[in-house]
Amino acid sequence: MSDQAQGPGWWQASDGNWYPPQAAPQPLPPTTQGVPIATGPNPGSGDIGVNEQTPWYEQIWVLALSLLFCFPIGLIFVWINKRFSQTTKIVVTAVVLALATIAGITNSSSPPVEMNEAGGSATTVKPTTTAKPTTTAPPTTAAPPPTTAPPPPTTAAPPPTTAAPPPTEPARSVSEQQAVRAAQSYLDFSGFSRQGLIDQISSEYGDQFSVQDATAAVDSLNVDYNAEAVQSASSYLEFSGFSCQGLIDQLSSEYGDQYTIDQANFAASQVGLC
């Protein structure tokens with residue numbers, strides 16, 4: 001024993017001293033029983049050492065959620081997981097794909113929830129009588145009653161000192177008042193003849209007023225039907241091409257706007273076609 005090596009073969013013990021080669025302890029003969037054999041993790045067997053931390057994508061809850069909400073990502077996590085054997089990976093993949101296939105077939109075979117909204121609605125739409133609002137030409141308006149005063153009496157009786165009150169307009173019914181409002185709305189929207197306006201507000205596909213109320217309402221309005229005919233003619237020319245006679249026929253036809261011939265000729269000349 002020495003505090004430093006004295007030659008080759010000397011060895012240093014745990015107490016810090018140096019000993020000669022002959023004092024070295026002899027190794028024990030190997031045994032096959034009773035001695036635990038320290039083994040490390042075998043990468044090929046899928047085992048993980050005790051102190052090795054499991055990656056987040058190999059956690060069971062991560063695999064379960066990914067397979068439930070996004071199974072392609074979940075299958076990728078299953079196949080890169082070292083904790084599962086090849087057989088386990090194949091079984092999990094087959095089960096997930098089978099469930100996905102069944103779910104897809106079920107969804108494709110179920111009928112649509114909503115029907116086409118357009119279906120069945122055609123019966124609720126009132127058909128119009130013409131391509132554009134009916135603009136039938138009215139007959140020429142009757143001349144208003146003369147407003148001239150009667151000739152003075154030839155008798156010597158003195159003239160009355162008080163003038164006669166002007167005739168009052170007859171009161172309209174509620175239905176006639178509503179017909180007047182409807183007629184005015186149509187005139188604000190487009191050009192109409194007298195007969196066309198009466199037909200529009202009395203038609204079963206229009207406002208469905210009675211013919212009597214519709215006529216009273218239209219005649220109570222102060223309408224320049226020559227101007228209405230010009231407006232209708234301009235609308236036709238914006239929509240399509242017309243000759244002079246073709247436009248006159250369209251405006252005066254009983255299947256068209258029903259203006260008078262004079263009104264139709266006036267409108268055609270005003271738009272510069274004739």
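Me: What makes Gln177 partly exposed in this predicted model?

Reply: In this predicted model, Gln177 has a relative accessible area of 40%. Partly exposed is the class between buried, under 20%, and exposed, over 50%. The value of 40% lies in between, and therefore Gln177 is called partly exposed. Gln177 is found in helix 4. Its C-alpha atom is separated by 9.9 Å from that of Ala214, although the two residues are 37 apart along the chain.

Me: Which elements does the protein chain contain, and in what order do they run?

Reply: The protein chain has nine helices and two strands. From the N terminus on, the order is β-β-α-α-α-α-α-α-α-α-α. Of its 274 residues, 25% are buried.

Me: Why is helix 5 called oblique to helix 6?

Reply: The axes of helix 5 (residues 194-202) and helix 6 (residues 211-219) cross at roughly 135° and come within 9 Å. An angle over 145 degrees would count as roughly antiparallel, and one of 65 to 115 as roughly perpendicular. The angle fits neither range, so helix 5 is oblique to helix 6. The crossing of helix 5 and helix 6 is right-handed.

Me: Which residues make the contact of helix 5 with helix 6, and how do they divide?

Reply: Helix 5 contributes Arg194, Leu197, Ile198, Ile201 and Ser202, while helix 6 contributes Val211, Ala214, Thr215, Val218 and Asp219. These residues divide into six nonpolar, two polar and two charged. Arg and Asp count as charged, and the contact includes Arg194 and Asp219.

Me: What makes helix 8 oblique to helix 9?

Reply: Helix 8 (residues 244-252) and helix 9 (residues 261-270) pack at an angle of about 140°, with their axes 9 Å apart. Roughly antiparallel begins over 145 degrees, and roughly perpendicular ends at 115. The angle lies between these limits, and therefore helix 8 is oblique to helix 9. Their crossing is right-handed.

Me: Which residues form the contact between helix 8 and helix 9?

Reply: From helix 8 come Leu247, Ile248, Leu251 and Ser252, and from helix 9 come Ile261, Ala264, Asn265, Ala267 and Ala268. Seven residues of this contact are nonpolar, two are polar and none is charged.

Me: Which residues touch the most other members of the largest nonpolar core?

Reply: In this core of 17 residues, they are Ala183, Leu187, Leu197, Ile201, Val218 and Leu221. Helix 4 (174-189), helix 5 and helix 6 each give two or more residues to the core. Helix 4 gives the most, with six residues. Another core, of ten residues, lies apart from this one and includes Ala229, Ala233, Ala264 and Ala268.

Me: Is Gln258 buried or exposed, and how do you know?

Reply: Gln258 has a relative accessible area of 15%. Buried means under 20%, and therefore Gln258 is buried. Gln258 lies in the loop between helix 8 and helix 9. Its phi is positive, about 65°, although Gln258 is not a glycine. Most residues other than glycine have a negative phi.

Me: Why does Gln208 count as partly exposed?

Reply: The relative accessibility of Gln208 is 47%. Exposed requires over 50% and buried requires under 20%. The value of 47% meets neither condition, so Gln208 counts as partly exposed. Gln208 is found in the loop between helix 5 and helix 6. Its phi is near 65°, a positive value in a residue other than glycine.

Note on methods:
Residues are numbered from 1 along each chain as its sequence is written. This is a predicted model: local features need pLDDT of at least 70, side-chain atom pairs count only at pLDDT 80 or more; totals for chains, interfaces and linings use all residues. Side-chain values use heavy atoms; hydrogens and water are left out. Axes are lines fitted to C-alpha atoms, for helices over the stretch in contact, and angles run from 0 to 180 degrees between N-to-C directions. Helices (H or I, at least four residues) and strands (E, at least two) are DSSP runs, numbered from the N terminus. Angles under 35 degrees count as roughly parallel, over 145 as roughly antiparallel, 65 to 115 as roughly perpendicular and the rest as oblique. A crossing is left-handed if the near helix is turned anticlockwise from the far one by less than a right angle, and right-handed if clockwise. Contact means heavy atoms within 4.5 Å. A nonpolar core is a set of buried Ala, Val, Leu, Ile, Met, Phe, Trp, Tyr and Cys residues joined through side-chain atoms within 4.5 Å. Buried means under 20% relative accessible area, exposed over 50%, partly exposed in between (1.4 Å probe, protein chains only).
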